[in-house]
Amino acid sequence: KNEGESTENAPKPIARVNNSFLYASDLEGLIASGISAKDSANLAEAYTNNWIRKQLLIDEASTQIEFDEAEIQRKILDYRYSLIAYEYKSFYINQNLSMEVTEEEIQSYYDNNLDNFPLRQNIIRGRFIRLPNDAPPTVNIRSLIYSSRDERIEELRKYCFENALMYSLEDSVWINFDDIIKNTPLAEVPNKVDFLKRTKYTESNDETSKYYLMIKEYKKTDDIAPLEVVRDQIVDIIINKRKVELARNLEKEVYDKAVQTNAFEIY
């Protein structure tokens, strides 16, 4: 301060590193309203300790190397622009983004980008049941597991609910083949693709359980993934493309508006 200037009303620092000071005003906005005094104090203490460490490193760096202040200021400006632009773009996108994706959009994207959806694992549609060896043999598993009649499927479902250690009866859903056969004798099959090609139904057992597998359809690794498998992925892709397009539109709108209002000039 200048000589003779009163220091009575000057803010008091809460921390110092050499000739740099941290003031309470620097913490404004850091602590949200409504939190407890203890949590508020912990946040302030954590921020203060972090500030001290950073300032010590800055001071140490200044004694060891010579900085180009102009270049640093350019980087600060670029970083400030990036933060402000990111916040505004996020706000604009949230205000204008439609999250609704139609089946036509999903199907169209899938059809036009099939090569982008290779399978990374073998998958099947079918039914799988694991029963303990002492399960009551009150139903014909093989007969029921092939059935498409609602009452027969319900009979099988009831039996599995009461007796099975694990079961999957939704044959319209694609599932990872390795996940299904994990910890079963089928996990030891040396060539799983060959097994899938020649197998529609199989039974096996070990010392604790009996296993029943019916394969309705399969896809092998590197085949094109069925639409049902990549539907959520496609929805995410479409929405992300919308976000990118909205960001581009925002930049264009801002620029076009500036051109019309002569908001900038290049000399």
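## Close-up views of a predicted model

**View 1. Asn183, a loop residue with a positive phi.** Asn183 sits in the loop that links helix H6 (177-181) to helix H7 (192-198). Everything shown here and in the other views belongs to a predicted model. Is Asn183 buried or exposed? With a relative accessible area of 62%, Asn183 is exposed, because that value is over 50%. Now look at the backbone: the phi of Asn183 is positive, about 65°, although this residue is not a glycine. It helps to know that most residues other than glycine have a negative phi.

**View 2. Asp222, in the loop before H8.** Here the loop lies between strand S7 (209-219) and H8, and Asp222 is part of it. Asp222 is not a glycine, yet its phi is positive, about 80°. The relative accessible area of Asp222 is 55%, so this residue counts as exposed.

**View 3. Helix H8 from end to end.** Helix H8 covers residues 227-260, which makes 34 residues. How far apart should the ends of H8 be? At 1.5 Å a residue, the expected span is 50 Å; the end C-alpha atoms are 46 Å apart, which agrees. Follow the helix along and you will meet a kink of about 35°, centred on Gln233. After H8 comes Asn262, with a positive phi near 55°.

**View 4. The buried residues of H8.** Which residues of H8 are buried? They are Leu227, Val230, Ile234, Ile238, Ile239, Arg242, Leu246, Ala247, Leu250 and Ala258. An α-helix has 3.6 residues a turn, so residues three or four places apart point the same way. Try tracing the buried residues of H8 with that in mind. What do they pack against? Their partners are helix H2 (69-96) and helix H3 (103-112).

**View 5. Asn122 and its surroundings.** Asn122 belongs to the loop between H3 and strand S3 (123-132). Its relative accessible area is 9%, so Asn122 is buried, the cut-off being under 20%. Which residues surround Asn122, apart from neighbours within four places in sequence? Asn122 is in contact with Ile175, Asn176, Phe177, Lys192, Val193, Leu196, Lys219, Lys220 and Thr221. Thr221 deserves a second look: its backbone nitrogen is 3.0 Å from a polar atom of the Asn122 side chain.

**View 6. Two residues of helix H1.** Helix H1 spans residues 37-64 and includes Asn42; Gln55 is found in helix H1 too. Asn42 is partly exposed, with a relative accessible area of 39%, whereas Gln55 is buried, at 13%. Leaving out residues up to four places away in sequence, Gln55 touches Val17 and Ser20. As for Asn42, its C-alpha atom is 17 Å from that of Ser25, and these two residues are 17 places apart along the chain.

**View 7. Stepping back to the protein chain.** The protein chain contains 8 helices and 7 strands. Its radius of gyration is 33 Å, well over the 18 Å given by the globule rule for 267 residues, so the chain is more spread out than a compact globule. Along its principal axes, the C-alpha trace spans about 100 × 55 × 40 Å. How much of the chain is buried? Of the 267 residues, 28% count as buried. The chain exposes about 19300 Å², and carbon and sulfur atoms supply 49% of that area. Among contacts between residues at least 6 apart in sequence, 68% join residues at least 24 apart.

Technical notes. Residues numbered from 1 in each chain as written. Predicted model: local features only at pLDDT ≥ 70, side-chain atom pairs only at ≥ 80, totals over all residues. Heavy atoms only, no water. Helix = DSSP H or I, 4+ residues; strand = E, 2+ residues; numbered from the N terminus. Expected span 1.5 Å × (residues − 1). Bend = angle between axes of the 7 residues up to and from the residue. Buried < 20%, exposed > 50% of the residue type's maximum accessible area, 1.4 Å probe, protein only. Contact = heavy atoms within 4.5 Å. Rg over C-alpha atoms; globule rule 2.2 N^0.38 Å. Areas by Shrake-Rupley, 256 points an atom, 1.4 Å probe, with all protein chains shown as cover. Polar contact = N/O pair within 3.5 Å; in protein donor to acceptor, adjacent residues only side chain to side chain.
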